[in-house]
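Colleague: I am new to this structure and would like a close look at a single part of it. Please choose one that you find instructive and walk me through it step by step.

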Amino acid sequence: MKIRSIHQEKRENRGRSSMWRSLGASPIVWVIAGALGIILADAIIRPLADQATGIISLILALAEGVIVIIVYKLTMNHLARRSTPELSGQRAGVEAGMGLLTGALFVLVSAFTIVAAGGYSIQWANAAEPGSALGASIASALGAAIVEELIFRGLLFQAIRQWAGNGLALAVTSLFFGVAHLGNTGATLWSGFAITIEAGLLLGAAFLWRRNLWFVIGLHCAWNAIESLLGTPVSGHAPDGLYTVQASGSALLTGGDFGLEGSVVPVLISLAMAIPMLIRARRPRE
């Protein structure tokens with residue numbers, strides 16, 4: 001009886017352990033757990049980086065990036081029970097560099113198209129400490145890019161893809177990304193739609209095309225940093241950049257109080273970029 005009892009207890013323990021493993025492997029569980037861990041780390045470190053200046057703010061942003069990537073990897077490895085090839089160290093620098101260049105070109109072409117159309121006038125801000133403004137813009141952009149991409153393209157996208165494939169994952173994460181920005185200063189239904197296309201669709205397409213998060217993080221980081229340095233609001237958040245932008249004319253052209261991302265110009269340019277990315281993503285990787 002005693003031996004049977006011990007064996008029965010072992011089987012019950014194995015059953016409970018298996019149940020918890022199955023529960024942890026559920027996409028809902030690991031998306032929520034991973035997102036909460038990333039948001040908590042961001043809530044602790046981001047205010048410190050925002051209050052710091054110059055190189056210190058950049059160091060804190062890099063530290064935050066390392067910590068949230070570790071949280072992401074632990075979530076994927078131990079809850080989702082999968083590896084993280086999307087954060088492979090192989091070609092990480094090259095992919096991030098390509099993303100930075102792509103994001104920079106996207107914002108600069110969009111901004112100077114609006115300038116050419118008479119919507120923006122850009123002047124030097126006479127910043128007393130340009131190095132401090134540069135460091136703060138990069139640090140803020142880097143922290144936001146890593147956190148948002150790990151949550152949206154890392155956790156949420158891959159959970160939905162596991163259930164329903166790439167198409168629905170792209171549609172849902174794009175929509176969620178637009179909705180997440182509706183509470184920002186100057187936001188409207190149009191700006192929410194614009195963000196859905198520019199950021200949601202473009203960044204999702206970039207992830208499917210390059211099959212890694214480094215490229216997408218680089219694109220997102222350069223996008224936000226250059227917007228801030230040019231002096232246009234970043235999703236409604238007032239920048240402290242090297243230049244100032246005076247907007248005139250239709251909000252459809254300038255983006256109004258929401259900034260560049262509320263303009264129809266980057267919406268059209270992002271579509272012109274995202275469509276070829278999606279076409280390339282359907283081709284088998286050589």
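Modeller: Let me begin with a term we will need: a residue counts as buried when its relative accessible area is under 20%, and as exposed when that area is over 50%, with partly exposed in between. Please keep in mind that this is a predicted model.

Here is the whole chain before we zoom in. The protein chain has 286 residues, and 47% of them count as buried. Its secondary structure comes to 10 helices and two strands. Read from the N terminus, the elements follow the order α-α-α-α-β-α-α-α-α-β-α-α. Among contacts in the chain with a separation of 6 or more, 74% are between residues 24 or more positions apart. The accessible surface comes to about 14,200 Å², and carbon and sulfur atoms hold 66% of that.

The part I have chosen is helix 10, together with two helices that pack against it. Two packed helices are described by the angle between their axes and the distance between the axes. For helix 7 and helix 10, the angle is about 25° and the axes are 8 Å apart. Since angles under 35 degrees count as roughly parallel, helix 7 is roughly parallel to helix 10. The crossing of these two helices is left-handed. On the helix 7 side, the residues that meet helix 10 include Trp190, Ile197, Leu201, Ala205 and Trp209. On the helix 10 side, Val267, Leu271, Ala274, Met277 and Leu278 are among those that meet helix 7.

Now look at the other partner. Helix 4 packs with helix 10, which covers residues 264-281, at an angle of about 140°, and their axes lie 9 Å apart. This pair is therefore oblique, and helix 4 passes helix 10 in a right-handed crossing. From helix 4, the residues taking part are Thr102, Phe106, Val109, Ser110, Thr113 and Ile114, and they meet Val265, Pro266, Ile269, Ser270 and Met273 in helix 10. You will find Pro266, Ser270 and Met273 among the helix 10 residues that meet helix 7 as well.

Next, follow helix 7 to its end. Asn212 sits in the loop that joins helix 7 (189-210) to helix 8 (213-230). With a relative accessibility of 7%, Asn212 counts as buried. Its side chain reaches the backbone oxygen of Arg210 at 3.0 Å. A polar atom of the Asn212 side chain also lies 2.9 Å from the backbone nitrogen of Trp214. Setting aside neighbours within four places in sequence, Asn212 is in contact with Glu86, Glu95 and Phe207.

Two further loop residues are worth a visit. Arg91 belongs to the loop between helix 3 (54-78) and helix 4 (92-116). Although Arg91 is not a glycine, it has a positive phi of about 65°. Its relative accessible area of 45% makes Arg91 partly exposed.

Ser235 is found beyond helix 8, in the loop that leads to strand 2 (243-247). Its phi is near 55°, again a positive value in a residue other than glycine. Here the opening definition comes into play: Ser235 has a relative accessible area of 8%, so it is buried.

Definitions and conventions: Residues numbered from 1 in each chain as written. Predicted model: local features only at pLDDT ≥ 70, side-chain atom pairs only at ≥ 80, totals over all residues. Heavy atoms only, no water. Helix = DSSP H or I, 4+ residues; strand = E, 2+ residues; numbered from the N terminus. Buried < 20%, exposed > 50% of the residue type's maximum accessible area, 1.4 Å probe, protein only. Polar contact = N/O pair within 3.5 Å; in protein donor to acceptor, adjacent residues only side chain to side chain. Contact = heavy atoms within 4.5 Å. Areas by Shrake-Rupley, 256 points an atom, 1.4 Å probe, with all protein chains shown as cover. Axes fitted to C-alpha atoms, helices over the stretch in contact; angles between N-to-C directions. Parallel < 35°, antiparallel > 145°, perpendicular 65-115°, else oblique. Left-handed = near helix turned anticlockwise from the far one by under 90°.
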